[in-house]
Amino acid sequence: MKSHLTDVAGLFLGHRSMGDTGVSAVISADPVGMLAAVDVRGGGPGTRETDLLAAHNTVERVHAIVLSGGSAFGLAAADGAMCELEARGIGFPVFGEDNPGPRVPIVPAAVIFDLVVGSPDHRPGAHDGAQAVRAAYEEVHAASGSVGAGCGATAGVLRGGFGQASCTVSDWTVSAGVVANPVGSVIDERTGLFYGDPGKPAVDLERFSRLERPTPQLNTTIGVIATDAPLPPAQLKRLAISGHDGLARSVRPAHSPLDGDTLFAVSTAKQAGAVDAEKLAQLSSAAADVVQAAIVDAVVRAEPGYGIAAWSELASKPC
């Protein structure tokens, strides 16, 4: 298992970290955009432009995906991302690729509920979405944990965060960038071990049992699964669906009525050409694995703060 969302060629990742909230932007390095799909499993999603990604609809490619804190207020970050991309000449060519005229950046988005961390009045807006896009073009973002949209994330009673993981399948790479912010727990209360990685050190169960989670219990886990395999939107949908298996292996309970669990899947391949069922099964399995690993990565790398404990403070052998 590798470690970064951008191990898939053709992606830029940018963060706007604001302490108790933030924005993460996943940008196509190709101005034409990337093929995309989405699968929503939580009972309380906060999303934008997800209907557009249905395989039977017209627009197949997106230019960026924005992940944001701030609950529904944070969807405004996508406005700024659109404006920044438009200023760079990136977007859907309304009058055709070779004709002048407006270009409309296609920017689906999803948000987490993080208003109970820090100030409820501090939430991302259009300016912050634009900054996340600029950061994606100007900087290398390899960090996980309390960065970007993961700044205000919680995972049960612990700090959540932004996590990354990747792996290879044949000649292709599959990666994930996930904002781990579930209502459910990532830690098995009987053993103190991660559900998603029992090989990591256990937490001190006595200290863990005394922790209280922020209220109200409204959360969500969102993320992007990326690959360079030449998958059309219908097969990318299968990757997004399978990615939720990794979420369910890492969080208990998952997909609750209080979560808005949403996973996008994108392909950076120049041309789409459906792969056979056996290869799609392998890619789908990898999608679940990298989501599972990214959720663990988010929590392991998270920093303590805002009165919420981090895994690193409770682990018997902190990494």
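## Two sheets and their packing

Gln164 has Gly177 in β13 as its bridge partner. The model described here is predicted.

The pairing of β12 and β13 is antiparallel and extends over 9 bridges. These two strands make a hairpin with 2 residues between them, and in that hairpin Ser170 adopts a positive phi near 55°. On its other pairing, β13 (residues 172-180) runs antiparallel to β14 (residues 222-227) over 6 bridges. Within β14, Ile225 is the residue opposite Ala176.

How many residues of β13 are buried? The count is 9 of 9, so the strand is mostly covered, since buried here means under 20% relative accessible area. Burial applies to both faces of β13: one side carries Trp172, Val174, Ala176, Val178 and Ala180, and the other carries Thr173, Ser175, Gly177 and Val179.

These strands belong to an open sheet of 6 strands with mixed pairing, in the order β5-β3-β15-β14-β13-β12. Its edges are β5 (61-62) and β12 (161-169); each has a single partner strand, so one side of each lacks a neighbour in the sheet. Helix α4 packs on this sheet and touches β3, β14 and β15. Helix α5 lies across β12, β13, β14 and β15.

A second open sheet has 5 strands, ordered β1-β2-β6-β9-β4, again with mixed pairing. Its edge strands are β1 (11-17) and β4 (47-48), and each of them pairs on one side only. Helix α1 packs on this sheet, in contact with β2, β4, β6 and β9 (109-111). Helix α2 lies across β1 and β2.

The table lists the angle of each of these helices to a strand.

| Helix | Residues | Reference strand | Angle |
|---|---|---|---|
| α1 | 77-87 | β6 | about 150° |
| α2 | 126-138 | β1 | about 135° |
| α4 | 233-250 | β3 | about 40° |
| α5 | 277-301 | β12 | about 150° |

Inside the 5-strand sheet, β2 (residues 22-28) pairs with β6 (residues 64-68) in the antiparallel sense over 5 bridges. Ser24 has Leu67 of β6 as its bridge partner.

Strand β6 also holds Ala64. Is Ala64 buried or exposed? Ala64 is buried, because its relative accessible area is 0% and the cut-off for burial is under 20%. Apart from residues up to four places away in sequence, Ala64 touches Val26, Ile27, Met34, Leu85, Ile106, Val107 and Pro108. Arg88 is 24 residues from Ala64 along the chain, and the C-alpha atoms of the two are 13 Å apart.

Two further sites lie outside these strands. Asp188 sits in the loop between β13 and α3 (205-209). Its relative accessibility is 10%, and therefore Asp188 counts as buried. Neighbours within four places in sequence left aside, Asp188 contacts Leu193, Tyr195 and Leu205.

Phe92 is in strand β7 (residues 92-93). With a relative accessible area of 39%, Phe92 is partly exposed, because that value falls between the 20% limit for buried and the 50% limit for exposed. Together with Val94 and Val104, Phe92 forms a nonpolar surface patch whose combined accessible area is about 220 Å².

Definitions and conventions:
Residues are numbered from 1 along each chain as its sequence is written. This is a predicted model: local features need pLDDT of at least 70, side-chain atom pairs count only at pLDDT 80 or more; totals for chains, interfaces and linings use all residues. Side-chain values use heavy atoms; hydrogens and water are left out. Patches are made of residues with over 30% relative accessible area and no salt bridge: like charges are joined within 9 Å, nonpolar side chains (Val, Leu, Ile, Met, Phe, Trp, Tyr) within 5 Å. Accessible areas come from the Shrake-Rupley method with a 1.4 Å probe; for residues, only the protein chains shown count as cover. A salt bridge is a side-chain nitrogen of Lys or Arg within 4 Å of a carboxyl oxygen of Asp or Glu. Helices (H or I, at least four residues) and strands (E, at least two) are DSSP runs, numbered from the N terminus. Buried means under 20% relative accessible area, exposed over 50%, partly exposed in between (1.4 Å probe, protein chains only). Two strands pair if DSSP finds at least two bridges between them. Contact means heavy atoms within 4.5 Å. Axes are lines fitted to C-alpha atoms, for helices over the stretch in contact, and angles run from 0 to 180 degrees between N-to-C directions.
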